[in-house]
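Here is a short briefing for a reader new to this structure. Start with the view below, then read the points by topic.

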Amino acid sequence: MITTIDTFKNEPNTDFSKRDNVEALKSAIAAFKQELGLQYPIIIGGKKIMTDRKITSVNPAKKTEVVGYMSMADDQKASEAIAAATEAFESWKKVAPRERANYLFRAAQVMRERRHELSAVMILEAGKNYEEADAEVSEAIDFLEYYGRSMIKLEEDSHHLIQIPDEKNRLTYIPLGVGFIVPPWNFPLAICVGLTVSAIVTGNTTLLKPASLTPIIAYKFVEIMEAVGLPEGVINFIPGNSSVIGDLITGHPLTRFISFTGSKEVGLHINELAAKTAEGQKWIKRVNAEMGGKDGIVVDETADLDAAAKSIVSSAFSFQGQKCSAGSRAIIVEDVYDELIGKVVELTKQLEVGNGEDDFPVGPVIDEKAYQTIVNYIEIGKKEAKLVIGGDSGSEEGYFINPTIFIDADPNSRIMQEEIFGPVLAISKAKDYEEAIEIYNNTDYGLTGAFFSSVPHRIDYAVETMHCGNLYVNRNCTGALVGVHPFGGFNFSGTDSKSGSYDYLKLFSQAKLHTIKG
Ligand code: NDP
């Protein structure tokens, strides 16, 4: 197998225009339905433990359908997991980088073989439709293949130092220690895989605490790592009450780093807690925190308006706007404001809302709490701006909200400033492209953005001035590909760690120089 980084290719998604593929996914959904309501264990040092207290994972498209019951780690179990990870680190750090990478390559192969099963779990547990779930499996496979190759390159690069007479100099990247891995529910497979395998391939051991809303898909990933023979204790799987075990692990003296993706509030809390030195601690903890966004699409009067309309709608409403990269704002110059809004509203009217199992373009939001938050924001929006479509809920069987658009929003209004994380788009008018970019930059976040124009010098201006980690010109602001679009944001969008890049692995390593004289 050729495993150099330049041989990496993004995993192709399934072609659902082919009937056989649709049937294969439907069969996988039917098969997973036979497993609904199963109980799942936590895993510490390779031991599977069923606990009395369980998280109930529910299908957001069908509130009465339990996907599974996940055991929960308490303080005691969290402490045991830290001990298991600390012990496993002593042997795992000595495993050769290529060998560590091979576990990832084998896991990628298993994921290819089980891709429809994994999609089925996400369709039922997270409310994804076919395309969203399938693309997420591809992204998870990409992380495995790309980080495996990146580790091999990182090891090779360690040889490249300038040599001087009478000395041999070498820089190697060694692991940090025990990492606390905290993914969100919205990419419950891809981000969970990315955060975990970047840490282990660099030689660290981990405590993986999945999001409480999506623990079953995280379990399936851990099961795959077990199936490919990953040594016990390298991934300790500990779902649990985040405010209890989360703080215990972040504050623990043996925790060396925290890899977090989630909201701004939780990210800042973890960062603050990790900065305090605990009794017996010997290092400054590293925190990689990728957080929220208030991403936007800017359109000028020279843009291809049909293309811009398609991108605005897809960036705002794919996966119900529950992406950190979701284009929840559009800023349009006045010359084409009414015309473009007309196109955006027409496209939005075509979006049917329903269960991801039946492959509707827009599905449910994740749970009751999210539903209430979004409904509240819609009420705020009705006071702040003009509602042109949506603003109401869909079937009560699940947490359905119809795609909602507000226009004439003041750039400083709450719907233009705060992350809603649902199918709500706010649109503001600007007099020209420069003012539009100013409005775009007027947020505390800085994750993704898009600029639509056909004028080269304006594109140059946008590239220079739009302050975000991922800027896309004349395309969606969602849909970053591993290795192609390294991902991470500025300001309160996080530490800009750029997942899906070669540099990313250095965040989980420390560089050691050794010089041998003579
Ligand atoms: P949350 O911040 O609520 O939760 C994220 C994770 O943190 C969950 O696993 C959660 O566990 C855990 N957590 C909560 N409190 C603590 C704590 N005190 N200590 C340790 N862990 C804790 O975010 P969501 O899951 O709701 O995800 C949505 C957010 O994620 C949005 O803001 C979105 O923009 C952002 N996001 C950012 C991305 C990026 O790359 N920048 C990518 C994807 C999402 P539990 O579920 O048990 O509460």
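The points below cover the ligand, its surroundings and one loop residue. The model is predicted. In it, 30 residues surround the ligand. The protein buries 88% of the area that the ligand exposes when taken alone.

**Around the ligand**
- The closest residues to the ligand are Pro-183, Ser-212, Ser-263, Met-291 and Glu-419.
- By class, the shell holds 15 nonpolar, eleven polar and four charged residues.

**Polar contacts with the ligand**
- Pro-183 places a backbone N or O atom 2.7 Å from an oxygen atom of the ligand.
- Gly-262 also uses a backbone N or O atom, which lies 3.2 Å from an oxygen atom of the ligand.
- Asp-247 uses its side chain: a polar atom there lies 3.1 Å from a nitrogen atom of the ligand.

**Cover and elements**
- Taken alone, the ligand exposes 910 Å², and the protein buries 88% of that.
- Three elements each give two or more residues to the shell: helix H8 (242-251), strand S10 (255-261) and helix H9 (264-274).

**A loop residue: Gln-281**
- Gln-281 sits in the loop between H9 and strand S11 (286-290).
- Is Gln-281 buried or exposed? Gln-281 has a relative accessible area of 12%, and buried means under 20%, so Gln-281 counts as buried.
- The side chain of Gln-281 reaches the backbone nitrogen of Ala-278 at 2.9 Å.
- Leaving aside residues up to four places away in sequence, Gln-281 touches Pro-253 and Lys-276.

Methods. Residues are numbered from 1 along each chain as its sequence is written. This is a predicted model: local features need pLDDT of at least 70, side-chain atom pairs count only at pLDDT 80 or more; totals for chains, interfaces and linings use all residues. Side-chain values use heavy atoms; hydrogens and water are left out. A residue is near a molecule or strand if one of its heavy atoms lies within 4 Å of it. A polar contact is a pair of N or O atoms within 3.5 Å; within protein, one must be able to donate a hydrogen and the other to accept it, and residues adjacent in sequence count only if both atoms are side-chain atoms. Accessible areas come from the Shrake-Rupley method with a 1.4 Å probe; for residues, only the protein chains shown count as cover. Helices (H or I, at least four residues) and strands (E, at least two) are DSSP runs, numbered from the N terminus. Ala, Val, Leu, Ile, Met, Phe, Trp, Tyr, Cys and Pro count as nonpolar, Asp, Glu, Lys and Arg as charged, and the others, Gly among them, as polar. Buried means under 20% relative accessible area, exposed over 50%, partly exposed in between (1.4 Å probe, protein chains only). Contact means heavy atoms within 4.5 Å.
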